[in-house]
Amino acid sequence: MNLFKSELRRILRRRLTLIFGIVMVVGVFAVATVYGFSSSTGPSEDDLAQAQAQADEMNAEFDECVADEEFFDSPEWEWAQEDPSFEGMSQEDRCDMFIGSYDYTAEDFLWTYTFVFAEESLLVLVGIAIVAGLVLMLLSSSAIGAEWSSGGMSNLLVWHPNRMRVWGVKLGAACVVCGAAVLALLALAFGLLYLVAATRGEIGTLDSVWWGDALETLGRTVVLTVGMTVLGASLAMLGRHTAIAGGVIAGYLVVGDMLVGIAGMALKMPFPDRLSLYTWVMAWIEGRMELYDQTSESIDSMPDVMVITATDAGLLLGGIILGFALLATWAFQRRDVT
């Protein structure tokens with residue numbers, strides 16, 4: 001039997017794969033549902049009537065305030081009289097400051113939200129892809145760790161003694177599953193959000209510039225999720241257990257990055273944000289990021305600026321992932337399997 005097809009079948013038939021798949025699909029539908037219920041193509045007639053009534057009430061109160069010199073003498077306005085500038089102001093200025101500007105319109109009291117696909121969908125799609133990458137990173141580490149825990153790895157090497165081929169096939173299969181899953185989720189999310197915008201919001205302008213930026217950003221995000229899969233599998237191969245890989249990932253996400261940030265500030269390093277892995281991840285996704293060193297700012301000068309491009313971020317993140325993959329390769333090649 002073809003080893004690659006066998007590994008693909010093993011990953012896809014795992015119970016955890018089914019659970020994670022259902023959770024991610026349900027999550028995408030939940031996000032689209034939230035946007036669908038919160039978005040509106042415009043205010044209803046009742047909303048407009050209520051907003052106009054509020055505007056008329058505020059304008060009437062302003063007119064009453066200007067016409068009545070004793071308006072602020074009542075006990076309910078004692079707090080306004082305590083303002084140091086109250087005595088030196090004209091009645092109209094007092095009304096303007098404490099009541100509000102005159103000539104309110106209904107638009108000032110309308111709180112409707114309209115989902116615009118061209119303006120908001122890209123951020124949502126990137127967020128969905130990143131969450132999916134984290135889930136698939138755990139799935140890939142689980143797939144490797146489960147074989148070590150069950151003894152399946154030792155049994156497999158009896159029939160396929162070439163360890164590098166076995167490791168390469170497992171890593172390749174995990175990457176294929178990850179890439180296909182993320183692309184499928186993005187396609188599903190794109191379609192659902194587009195449907196929400198068409199029925200409950202606005203599509204916006206989807207010109208060639210938008211498509212170019214969207215495809216570049218989403219392409220880099222998909223590459224990042226594949227890299228996260230490689231990292232998860234490599235950590236599980238190094239530790240030979242799913243819990244070790246999950247612990248390292250969760251530890252950095254929850255505590256590690258915070259400690260790195262605190263250390264950077266304690267050492268008073270310029271651009272302490274560059275020590276955070278999140279900064280480099282965002283620079284890779286967005287294509288460019290500017291960091292500002294506020295410690296260098298003075299009255300006569302602007303703060304120093306550090307520019308991180310997608311190339312810089314890609315080299316760093318790729319180096320980290322490659323480093324762990326090489327360590328996992330070395331460990332699998334050298335260490336005793338039994």
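Reader: What makes contacts in the chain count as joining residues far apart in sequence?

Author: Happy to explain! Among contacts between residues at least 6 apart in sequence, 74% join residues at least 24 apart. Contact here means heavy atoms within 4.5 Å. Please keep in mind that this is a predicted model.

Reader: Which helices and strands does the chain have, and in what pattern?

Author: The chain has twelve helices and two strands. Along the sequence the pattern is α-α-α-α-α-α-α-α-α-α-α-β-β-α.

Reader: Why is the chain called more spread out than a compact globule?

Author: For 338 residues the globule rule gives 20 Å, but the radius of gyration of the chain is 29 Å, well over that value, so the chain is more spread out than a compact globule. Along the principal axes, its C-alpha atoms fill a box of roughly 95 × 50 × 40 Å.

Reader: How do you know that residues of the chain are buried?

Author: A residue is buried when its relative accessible area is under 20%. Of the 338 residues in the chain, 38% are buried.

Reader: What makes Trp167 stand out in the largest nonpolar core?

Author: That core has 67 residues, and Trp167, Val182, Met237 and Phe332 touch the most other members. Beyond its neighbours within four places in sequence, Trp167 is in contact with residues including Ile144, Ala233, Met237 and Phe332. There is also a second, separate core of ten residues, among them Cys65, Phe86, Phe98 and Ile99.

Reader: How far apart are the mean positions of the positive and negative charges?

Author: They are 41 Å apart, taken over 18 positive and 41 negative charges of the chain.

Definitions and conventions:
Residues numbered from 1 in each chain as written. Predicted model: local features only at pLDDT ≥ 70, side-chain atom pairs only at ≥ 80, totals over all residues. Heavy atoms only, no water. Helix = DSSP H or I, 4+ residues; strand = E, 2+ residues; numbered from the N terminus. Rg over C-alpha atoms; globule rule 2.2 N^0.38 Å. Buried < 20%, exposed > 50% of the residue type's maximum accessible area, 1.4 Å probe, protein only. Lys, Arg positive; Asp, Glu negative; His and termini not counted. Charge placed at Lys NZ, Arg CZ, Asp CG, Glu CD. Core = buried A, V, L, I, M, F, W, Y, C linked by side-chain atoms within 4.5 Å.
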